[in-house]
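Q: Got a minute to go through a structure with me? I'd like a quick tour.

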Amino acid sequence: MTLCDLRGKLLFEVSPSEFPAGGLGETEMMLWELYYRDKNERSDNG
């Protein structure tokens, strides 16, 4: 997810076979929410 974040891409764009909805789906939104929550917590603690 970090590479997607750095390149401004979404998971369904870089791995369509894993996220076949063809767009930003509920599962991917949940994953991004967790990713950014963790990223923010790490930056607040470091």
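A: Sure, here is a short chat about this model.

A: This is a predicted model, so local features need pLDDT of at least 70 and side-chain atom pairs count only at pLDDT 80 or more, while totals for chains, interfaces and linings use all residues. Residues are numbered from 1 along each chain as its sequence is written, and side-chain values use heavy atoms, leaving out hydrogens and water.

Q: Okay, how many helices and strands does the protein have?
A: Three helices and zero strands, where helices (H or I, at least four residues) and strands (E, at least two) are DSSP runs numbered from the N terminus.

Q: And what box do the C-alpha atoms fill?
A: Roughly 35 × 20 × 10 Å, taken along the principal axes.

Q: What about Glu28, buried or exposed?
A: Buried, meaning under 20% relative accessible area with a 1.4 Å probe and protein chains only (exposed is over 50%, partly exposed in between). Glu28 sits in helix α3.

Q: Which side chain of opposite charge is nearest to Glu28?
A: Lys9, but at 12 Å, and Glu28 has no salt bridge. That would take a side-chain nitrogen of Lys or Arg within 4 Å of a carboxyl oxygen of Asp or Glu; for charge, Lys and Arg count as positive, Asp and Glu as negative, with His and the chain ends not counted.

Q: Then what does Glu28 touch, not counting residues up to four places away in sequence?
A: Leu10, Leu11, Phe12, Phe19 and Gly23, with contact meaning heavy atoms within 4.5 Å.

Q: Switching topic, where is Leu31?
A: In helix α3, residues 26-45. Leu31 is partly exposed, at 32% relative accessible area.
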